[in-house]
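Biologist: Please take a close look at one part of this structure, namely any salt bridges between its side chains. I would also like to know what lies around them.

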Amino acid sequence: MVCPKGITILATVLLCSLTAGKAQATDSAAAWGADLRLRVVDLNRIPTEAARTWPENRFLRVRSRLWGSYQITPQLSCSARLVNEWREYGHDKGTNNYQSLDEVVLDNLYIDLDNLFNHRLNLRIGRQDLTYGTGKILRIGTPLDSSRTYYFNAVKASLHLDSLQADFLALQVAAEDELAIHSRDRPLLEGDENGGGLYIKNNRFPSVPQEYYYFYKHEQRAANLNLHTVGLRFMPKFSEQLTANLEMAKQAGHRQHETSAGGELLDLSLFYRLPPWRRLNSRLDLSYYYLSGDDPHSRTDEAWQPLWARYPQYMSYTMVRAQVPHFAAWSNIYMPSTGLVVDITSRLKLATRLALVYAPEEGPGGGHKKGTLFVCRLAYTINKKWRANFHLEVMDPDDYYSVSHGHGHYSHFELRHRF
């Protein structure tokens, strides 16, 4: 198990020792930066599995971050980042526990030891962000604060062998941040989690890049979970226009009292880059996403466990809010969809997706069809420092839900400024 305090102490000791010797470093360099995100959110009539719908609400999210890094030697560097977010709600103001500047989180604090053993090994030790593949397995360690933070307390060792890269990972995330400044005990998880594994990237065959992985995870809950996940991913390149993505994974493990657990994942996409038309760079895809559900008539929990991928994935709120009882706990879904991405100009990009969303196991309404989903996102790069996007999701719920009140929607308008 990776101890966050242990990682912090180790990183601090190393940083202090390295900083003490910076007078002898000849190639040292410091860098810093900051960003600000303003997001206005509007949602209404989003169905859930708890015989209710999420009512209308509008709120403002303001996230600010400040980071810095220091290159002590060509092989040694350190980085840190602070983040704060406050919110203002139009409805249910009493539920707002994000007040202005009441808590500052150290969401990155790590050291890099690079080019060890003749440029074969890189180490990153400390609190860091991690993403692999398309993010279906590992991307976010702190889902309950939404997109305020993503971090893991981790040790990552990257071994480079010609066309092969193998990353060895040890991971830990606490239910509440032990390093928060002016802590408000905001939950990041339902209970502590730890684990680790191996992620291999194989580029030996340029026409078919491949990835393989194994992860172990332990969740501390009312019914603790010990889970093993093994998977592979292929990304064939048939031509300059036609490519694909295929990912398959299998899980096995047990919950407390030896209840067996296991799930399956299939993620398949075919991408076609459309011929140039009016100078538009556009790509069409046909996709199929499957995650197993739990059969209530069996003694085994067959539902897919989302590991460290509890974030919006294909959509922001309309579907993840429907995954009860855990926020963004992706499971029990199969979803054929088609998407289109168009670069209207060098600064303006449009992305759309139309999906039919089903469930392998029936829902509280007695059916298997969750609904029809439309997603649209318009992103605009104003200049080097300013970016904006508008995101819209509309869902027409079906017989999977016992209660629904017409079309549900989620939308946001966002501005980002990088200092």
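Modeller: I will start with the salt bridges, then move on to the strands, the surface and some single residues.

This is a predicted model, in which local features need pLDDT of at least 70 and side-chain atom pairs count only at pLDDT 80 or more, while totals for chains, interfaces and linings use all residues. Residues are numbered from 1 along each chain as its sequence is written, and side-chain values use heavy atoms, with hydrogens and water left out.

The whole structure has 31 salt bridges (a side-chain nitrogen of Lys or Arg within 4 Å of a carboxyl oxygen of Asp or Glu). Let us take three of them in turn.

Start with Arg148 and Glu103. Their side chains form a salt bridge, 2.9 Å from N to O. This pair joins distant parts of the chain, 45 residues apart. Arg148 is in the loop between strand 7 (121-128) and strand 8 (152-161). Glu103 is in the loop between strand 5 (76-89) and strand 6 (105-115). Strands here are DSSP runs of E with at least two residues, helices are runs of H or I with at least four, and both are numbered from the N terminus. Both Arg148 and Glu103 are buried. Buried means under 20% relative accessible area, exposed means over 50%, and partly exposed is in between (1.4 Å probe, protein chains only).

Next come Glu190 and Arg221. Their salt bridge spans 3.5 Å from N to O. Here too the link is between distant parts of the chain, 31 residues apart. Glu190 sits in the loop between strand 9 (164-173) and strand 10 (193-202). Arg221 sits in the loop between strand 11 (210-219) and strand 12 (225-234). Glu190 has 33% relative accessibility, so it counts as partly exposed. Arg221 is buried because its relative accessible area is 19%.

The third pair is Arg353 and Asp285. Their closest N and O atoms are 2.9 Å apart. Arg353 belongs to strand 18 (residues 348-358) and Asp285 to strand 16 (residues 281-291), with their positions 68 residues apart in the chain. Arg353 counts as buried because its relative accessibility is 15%. Asp285 has a value of 4%, so Asp285 is buried as well.

Salt bridges can also share partners. One network of this kind joins Asp102, Glu103, Asp145, Arg148, Arg184 and Arg186. So what about disulfides (pairs of cysteine sulfur atoms within 2.5 Å)? A search of the whole structure finds zero. Cys78, at 13% relative accessible area, is therefore buried. Cys376 is buried too, because its value is 19%.

Now look at the strands on either side of the Arg148 loop. Strand 7 and strand 8 pair antiparallel over eight bridges (pairing takes at least two DSSP bridges between two strands). Gly126 has Ala154 of strand 8 as its bridge partner. Strand 8 also runs antiparallel to strand 9, joined by nine bridges. There, Ala154 stands opposite Leu171. A hairpin connects strand 8 and strand 9, with two residues between them. Asp162 in that turn has a positive phi of about 55 degrees.

Asn118 has a positive phi as well, about 60 degrees, although it is not a glycine. Asn118 lies in helix 2 (residues 116-119). Its relative accessible area is 66%, so Asn118 is exposed. Gln313, another residue other than glycine, has a phi near 55 degrees. Gln313 is in the loop between strand 16 and strand 17 (333-343). At 18% relative accessibility, Gln313 is therefore buried.

Turn to the surface. Val40, Ile344, Leu378, Phe390 and Phe413 form a nonpolar patch there, with about 420 Å² of accessible area together. Patch residues have over 30% relative accessible area and no salt bridge; like charges are joined within 9 Å, and nonpolar side chains (Val, Leu, Ile, Met, Phe, Trp, Tyr) within 5 Å. The areas come from the Shrake-Rupley method with a 1.4 Å probe, and for residues only the protein chains shown count as cover. Phe390 is part of strand 20 (residues 386-397). Phe390 is partly exposed because its relative accessible area is 38%.

Last, consider Thr53, in strand 3 (residues 53-54). Its relative accessibility is 16%, so Thr53 counts as buried. Leaving out residues up to four places away in sequence, Thr53 touches Arg45, Ile46, Pro47, Val403, Ser404 and His405 (contact means heavy atoms within 4.5 Å).

Key: A disulfide is a pair of cysteine sulfur atoms within 2.5 Å.
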